[in-house]
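Got your viewer open? Here is a short walk through the model, one selection at a time.

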Amino acid sequence: MTSISEDSDKEKVRSVSVDLNNDASLVIDIPDALCERDKVKFTIHIKTTLSSFQKSEFSVPRQHEDFIWLHDTIVETEEYAGLIIPPAPPKPDFEGPREKMHKLGEGESSMTKEEYAKMKQELEAEYLAVFKKTVQVHEVFLQRLSSHPMFRKDRNFQIFLEYDQDLTVRRKNAKEMFGGFFKNMVKSADEVLISGVKEVDEFFEQEKIFLLDYSSKIKDATAKAEKMTRSHKNVADDYNHISGAMNSIAADNNTAFKKHLEKCAEVFEKLRKLEDRVASDQELKLTELLRYYTRDIQAAKDLLYRRARALADYENSNKTLDKARLKGKDIAQAEENQKQCLRKFDKLSESGKKELTSFKARRVVAFRKNLIEMTELEIKHAKNSMSLLQGSIEILNSN
Amino acid sequence: MAASSERSPPPFPDLEEPELLEDRDEGADACHRRSTGTSISEMDSPSPDTSRPPKDIFNEPPEDIFSDPLSNINSEPQKKVDAKISSPSSDEAVDLFSEPLDDDSEVMSSPEVQNPMPDLLSEPKSGVLGEPPVQKNAARQQDVFEEPPKGSSKSSSVKKAASAEMLGDDDEEEDLFKEPPKVVTRKPQPSGPPVDVFTEVKSDVKVKPQVKDDPTDLFSEEALTAPAPKPSANSSSSSRTNGVHSEEQDLFSEATVELSLDSPRNDRKKDAVKPSVSAPAAPEASSSSKAPSKTLEELEEEESEDKFDLNISVTNPEKVGDGMNAYMAYKVSTQTSLTMFRSKTFTVRRRFSDFLGLFEKLSEKHSQNGYIIPPPPEKSILGMTKVKVGKEDPSSAEFVERRRAALERYLQRVVCHPSLLQDPDVREFLEKEELPRAVSTQALSGAGFLKMLNKATDAVSKMTIKMNEQDVWFDEKIQDVENEEQHLRKLHVMVESLVNHRKELSGNTAVFAKSVAMLGSSEDNTALSRALSQLAEVEDRIEQLHQEQASNDFFTFSELLADYIRLLGAVRGCFDQRMKAWQRWQDAENMLQKKRETEAKLLWANKPDKLQQAKDEIAEWEAKVTQYERDFERISATVRKEVIRFDKEKARDFKRQIIKYLESVLHSQQQMIKYWEAFLPEAKAIA
């Protein structure tokens with residue numbers, strides 16, 4: 001169980017946080033989280049001036065499942081079909097650290113003290129990184145909602161924020177899970193079907209092509225970035241092991257060699273920390289950004305799908321109307337239906353256009369922010385290791 | 001004589017070693033002296049020869065001198081007389097050893113020598129009964145007397161002083177001062193030994209008092225080792241010798257201090273322990289008898305000072321021939337100002353098996369003496385086959401480069417070893433145009449098989465030898481070396497994995513760079529698109545950095561560890577040699593015991609006819625025991641010296657390499673900063 005105060009990292013945690021209009025009327029953050037076994041409990045802190053909330057500042061405990069529930073209810077709300085629905089935060093993945101913890105427990109007897117200590121360090125670092133990331137994505141989800149003029153007024157969202165007990169959302173049962181899976185299948189099949197529908201709007205046609213292309217590229221880039229940061233982590237871990245091995249050589253040596261070794265071990269130890277930071281900052285600023293936008297683009301694509309669905313419905317209703325006219329019966333009903341479809345489609349198109357445009361702006365801003373931050377961090381870390389190395393080289397040279 | 005040894009460059013192994021032995025014996029056992037005398041002969045011939053009778057000359061001179069340095073100037077006259085009176089034989093050994101001290105001090109005080117000389121000289125002559133050796137001693141004594149005060153001072157004009165001294169010994173002071181350059185040519189005079197000694201000094205060769213017996217050897221040797229020193233050459237060599245010299249001084253000054261604490265008798269012994277031996281030998285001998293590690297440490301410190309002006313590089317690996325008969329040839333270039341080489345720069349082409357052959361030769365000659373012979377890189381049939389078959393495969397290019405670097409380091413280590421550098425095979429390897437093909441180095445040859453067999457039997461015998469270690473130092477050191485090897489192996493594995501992971505990182509960065517470039521091309525915001533493609537470029541460069549770093553990880557770090565794992569193996573090998581020497585000694589001891597028992601039986605059975613034979617056998621085995629014991633003492637001393645030297649080198653080498661490595665990391669971090677700083681404005685330009 002670990003409880004981490006995120007105060008110091010608040011700046012960083014917000015990093016991915018997109019194009020949030022800095023509206024002080026509803027400010028949400030997650031200052032604290034607690035990890036119990038496979039459950040993560042977040043403490044959500046809300047500060048608001050909105051009259052719809054009873055208090056102006058309060059905190060509620062929420063679990064990951066509650067977030068998913070909130071996302072699902074929003075997705076299912078017909079009203080929001082024309083909006084890009086903020087992607088749900090992914091399930092906290094503590095597999096990596098847990099596996100390591102397991103190994104640590106198993107190998108405790110067979111490892112030397114140094115190895116054990118090093119391993120523990122690594123574990124803690126990794127755990128912390130995953131933890132930070134998890135908190136961040138959950139926070140961003142809420143912030144996206146709170147900054148959106150429509151979502152912030154959502155009833156479920158308000159309940160989520162205000163209900164001061166555990167929400168204890170019922171977990172999805174197997175049938176529902178399967179249902180969700182089935183729905184997805186239908187959706188993708190449907191996507192294929194309606195792809196034949198001729199696009200009437202140039203803007204959406206362009207958007208569709210762009211998003212499809214972009215989504216595959218960004219998926220690829222995400223996977224590659226993940227790989228890269230992972231191997232960077234490995235390098236840092238190797239530094240750690242080298243430092244440990246050097247220490248153990250130094251331990252039973254008593255010549256001039258010892259001093260050098262100890263110094264080297266120290267250097268490697270510090271290098272590890274720096275390299276670790278480089279890797280985790282890259283992960284946080286770059287990989288996480290790409291990951292987030294992979295999901296966000298999926299959300300945008302979902303919007304396009306909903307609109308395309310509406311378009312297809314409208315076309316169908318047109319056909320039905322034509323048929324009805326030919327047959328001369330149910331004309332009024334068909335006309336009504338056709339009008340409704342058209343209205344829906346127009347509405348979707350209109351809000352979709354707005355959403356997509358703002359999405360684009362948001363993406364550019366987010367990329368800018370993250371890339372700048374990452375670059376600055378890279379420079380900072382490189383400078384740190386440079387001065388570390390310079391210092392140690394001098395020390396080594398002098399004795 | 002001592003002076004001569006001091007001045008000479010790193011001693012030729014064969015010569016030096018025997019002497020060491022002698023010292024030991026004498027110090028340890030008065031009774032062994034006779035045999036010691038014989039050992040002198042050994043110096044000249046690589047293998048110690050016990051059979052030779054002891055030399056009178058040798059024994060005699062030392063005495064007087066000896067007493068002098070130790071006792072103060074005031075007591076001189078008396079002592080001298082005593083010494084003279086006493087038969088040369090008894091005190092001989094002592095004298096010999098005392099000489100070194102004198103010489104050192106003398107060297108320092110050379111200018112002053114003149115004054116005292118006259119008096120002294122006159123005295124000895126009268127008192128000594130005209131024995132040539134004695135005279136010589138007397139002459140030295142004078143010098144000696146002056147020494148004490150100056151002994152501690154630094155040796156500045158060592159050379160001159162030395163030469164002066166030598167001459168002084170011959171009783172002709174004038175000559176001394178005038179002649180220096182010519183000394184070598186001088187023929188033995190009435191007092192043969194001194195002359196020789198001095199000539200030796202000049203030539204940097206270490207000739208022992210033995211000279212008397214066969215002067216020819218002396219000279220021939222000189223010719224060998226000291227190719228007519230040119231002026232410039234001289235200076236360079238002298239500087240080198242200077243280093244050595246200073247060592248000695250310290251050593252000796254230390255020794256004297258210690259001695260003064262001891263009883264006179266002991267002092268003598270001690271001094272006796274270190275005769276004309278080369279500097280390193282002397283301290284060791286004394287350490288073995290008494291003053292232990294401290295002197296060793298000192299010695300070690302001093303030793304690090306001597307630098308070899310010898311640069312060796314192995315370059316231009318080149319494939320010669322095709323198919324399975326192809327081999328790689330390397331250019332071995334040497335740059336030196338050492339006089340032992342014919343020119344200052346020269347280049348030869350050598351193939352890999354030549355390097356192996358050199359190692360074989362060196363280990364054959366020197367490993368039984370307890371030297372740590374730097375091992376060459378292993379043969380790699382797989383790697384070489386790849387090179388032979390493969391065309392422009394990057395892995396085979398890496399293999400070749402790796403081997404080239406390893407060979408270079410191997411040669412550098414060989415020539416860094418003061419004794420190995422003197423080996424004619426090393427010189428031949430570096431200088432000679434054509435080397436006879438090394439035959440026994442093929443992995444799959446009959447010789448290779450024999451070698452394997454030998455190794456196997458060695459391993460077995462090693463297991464069967466149960467040595468009860470008397471020397472704590474060795475006990476601990478052997479343990480340390482084993483531990484260290486283990487840890488180094490571990491560390492090596494870690495570094496290897498660092499190399500692999502870094503290569504992986506480099507690969508992944510490259511892939512990511514490509515992917516980002518693609519993403520950039522799909523991006524519809526122009527500024528962001530531009531920034532992304534810039535990012536891709538940065539990542540591309542970083543990939544290069546990682547790659548360079550990976551090869552630095554490998555060549556500067558991982559290979560260093562691999563080298564030392566191999567070297568520690570060689571260190572263990574020399575512990576094994578010592579153990580073998582011990583075993584031989586013990587076996588001989590047992591045999592002697594048996595022979596004695598037989599003699600006792602014969603005596604009891606009253607069989608005089610066989611008794612004589614038994615006695616002869618006993619004598620023979622006694623000699624062998626003495627010999628083997630001496631061998632063991634000698635090898636112990638050498639191993640100890642070698643290990644200390646090795647540790648020192650290792651620390652230095654390691655430090656140097658680590659600094660180099662860290663510098664490479666530093667460099668890549670600097671590049672990293674540069675790249676990212678260049679990218680920052682791009683990121684900021686996204687709008």
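**A bend in a helix**

Start by selecting Ser558(B): α24(B) bends there by about 30°. Keep in mind as you look around that this is a predicted model.

Now show the whole of helix α24, residues 526-605 of chain B. At 1.5 Å a residue, its 80 residues should span 118 Å, and the end C-alpha atoms sit 116 Å apart, so the two values agree.

Next, visit both ends. At the start of α24(B), pick Asn525(B): one of its side-chain oxygens comes to within 3.0 Å of the backbone nitrogen of Ala527(B). At the other end, click on Asn606(B), which follows α24(B) and has a positive phi, near 60°.

**Over to chain A**

Select Phe182(A), in helix α6 (residues 174-194). Add Phe178(A), Phe181(A), Met185(A) and Val186(A), and you have a nonpolar surface patch of about 560 Å².

Then go for aromatic rings; there are 25 aromatic pairs over all chains. One to pull up is Phe67(A) with Phe141(A), a tilted pair at 6.3 Å centre to centre with 55° between the planes. This pair links distant parts of the chain: Phe67(A) belongs to helix α2 (residues 64-76) and Phe141(A) to helix α4 (residues 113-147), 74 residues apart.

**Last stop: a salt bridge**

The structure has 51 salt bridges over all chains. For one of them, show the side chains of Arg272(A) and Asp276(A), which meet at 3.4 Å, N to O. Why are they about one helical turn apart? Because they are 4 residues apart in helix α8 (residues 256-327) of chain A.

Technical notes. Residues are numbered from 1 along each chain as its sequence is written. Chains are lettered from A and ligands numbered from 1 in the order in which they are written. This is a predicted model: local features need pLDDT of at least 70, side-chain atom pairs count only at pLDDT 80 or more; totals for chains, interfaces and linings use all residues. Side-chain values use heavy atoms; hydrogens and water are left out. Helices (H or I, at least four residues) and strands (E, at least two) are DSSP runs, numbered from the N terminus. The expected span of a helix is 1.5 Å times one less than its number of residues. The bend at a residue is the angle between axes fitted to the seven residues ending there and the seven starting there. A polar contact is a pair of N or O atoms within 3.5 Å; within protein, one must be able to donate a hydrogen and the other to accept it, and residues adjacent in sequence count only if both atoms are side-chain atoms. Patches are made of residues with over 30% relative accessible area and no salt bridge: like charges are joined within 9 Å, nonpolar side chains (Val, Leu, Ile, Met, Phe, Trp, Tyr) within 5 Å. Accessible areas come from the Shrake-Rupley method with a 1.4 Å probe; for residues, only the protein chains shown count as cover. A salt bridge is a side-chain nitrogen of Lys or Arg within 4 Å of a carboxyl oxygen of Asp or Glu. Rings of Phe, Tyr and Trp (its six-membered ring) pair if their centres lie within 6.5 Å; planes under 30 degrees apart count as stacked, over 60 as edge-to-face and the rest as tilted.
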